[in-house]
Amino acid sequence: MILIPKPHKPPVHPRALRPLALQEPLGKSVVGLLASQAQVALMPIITPWPIWSYLPSTSTQDALLRVTMHCRDIRKLMIGQRSTPFTREQKAARFKIAGGISIFLDIERAFDMVCRPQLFSKLVTLGIPESVAHLLTQWHQDTCYHLFSQGVDEGISVGRGLRQGCKAAPLLWNSYLLLFLQALSDRVDRQWIQRCINFYADDGQLGDVFHSAFDFHELLSNLYITLEVLQEFGMTINSSKCTALVAMTIANCDNPSQLFAREKNG
């Protein structure tokens, strides 16, 4: 294991360093073959889910396009709520309450905090052959880091996380995200997940538009459940790097709180 400085951060604190697991060439080749076999088996299951990193035929542009389309939908909705000659000519639908929410997440030390038992015990359920899943599990759980410092070679056992620098780490991280999304689909509508959530590596975006107080409360509930399941999977949100954008309009109401309560009860 070697420690390298993170971009734009002086190496004066452990949090400013990124651990990389270097492997000898033969071992790295073997892990690469295992990862490629697992990737082929995983593709039919992972493709319908909003995961855009480390996959064939996907790129950063796919994730950016999804986020851009979401922002465009919110802007279009908000513009349509204004009473202008253009919107009146277009006969845009008007709502008492309308708007959108977009939350941008950064998962802190994402690869380092992966719960190995939670991941490796379920690789087979994702369609990965049992023999391949077993070898990937052993390769992670039965190895340790060797840290060289001032002429001393110290072996360090690690029971958590994925080894950054390992050729299987991107595949395993995507598998962990897939398990998270599958668990989330047990508590919120799967179509909402596919439409309103995006993940690119350890960066996430979630949000939706709403056209009534009921939609607004349902959206807040889905967002809360999503953050709760993230926490259950041991993913810690770095609040200093997160942003929430909210746009809302309320028409013809002196007391908005009463309108929210009336629509919710209705």
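**Exercise 1. Decide whether Glu-108 is buried, partly exposed or exposed in this predicted model, then find its salt-bridge partner.**

Step 1. Start with the relative accessibility of Glu-108, which is 25%. Buried would need under 20%, and exposed over 50%. So Glu-108 counts as partly exposed.

Step 2. Now look for a partner. Glu-108 makes a salt bridge with Arg-15, and their closest N and O atoms are 3.0 Å apart. That fits the cut-off of 4 Å.

Step 3. Place both residues on the chain. Glu-108 belongs to strand 3 (residues 97-108), while Arg-15 sits in the loop between strand 1 (2-5) and strand 2 (17-20), so this pair ties together parts that are 93 residues apart in sequence.

**Exercise 2. Work out which residues join Arg-187 in a network of salt bridges, and where Arg-187 and Glu-232 lie.**

Step 1. Take one pair to begin with: Glu-232 and Arg-187 form a salt bridge, with 3.1 Å between the closest N and O atoms.

Step 2. Find them on the chain. Glu-232 is in helix 8 (residues 213-232), and Arg-187 is in the loop between helix 6 (169-185) and helix 7 (190-196). The two are 45 residues apart, and the pair links distant parts of the chain.

Step 3. Add the rest of the network: salt bridges link Arg-187, Glu-228 and Glu-232.

Step 4. Check the exposure. Glu-232 has 49% relative accessibility and counts as partly exposed. Arg-187, at 38%, is partly exposed too.

**Exercise 3. Find the salt-bridge partner of Asp-208 and say whether Asp-208 is buried or exposed.**

Step 1. The side chain of Asp-208 meets that of Arg-195 in a salt bridge, at 2.7 Å from N to O.

Step 2. Asp-208 is in strand 7 (residues 203-210) and Arg-195 in helix 7, 13 residues apart.

Step 3. With 12% relative accessibility, Asp-208 falls in the buried class.

Step 4. Try another residue for practice: Leu-220 is in helix 8. Its C-alpha atom is 9.7 Å from that of Asp-208, and the two residues are 12 apart along the chain. Leu-220 is partly exposed, at 37%.

**Exercise 4. Name the residues that form a nonpolar surface patch with Val-246.**

Step 1. Val-246 is in strand 9 (residues 243-250). Its relative accessibility is 58%, so Val-246 counts as exposed.

Step 2. Met-248 and Ile-250 join Val-246 in the patch, and together they have about 240 Å² of accessible area.

Technical notes: Residues are numbered from 1 along each chain as its sequence is written. This is a predicted model: local features need pLDDT of at least 70, side-chain atom pairs count only at pLDDT 80 or more; totals for chains, interfaces and linings use all residues. Side-chain values use heavy atoms; hydrogens and water are left out. Helices (H or I, at least four residues) and strands (E, at least two) are DSSP runs, numbered from the N terminus. Buried means under 20% relative accessible area, exposed over 50%, partly exposed in between (1.4 Å probe, protein chains only). Patches are made of residues with over 30% relative accessible area and no salt bridge: like charges are joined within 9 Å, nonpolar side chains (Val, Leu, Ile, Met, Phe, Trp, Tyr) within 5 Å. Accessible areas come from the Shrake-Rupley method with a 1.4 Å probe; for residues, only the protein chains shown count as cover.
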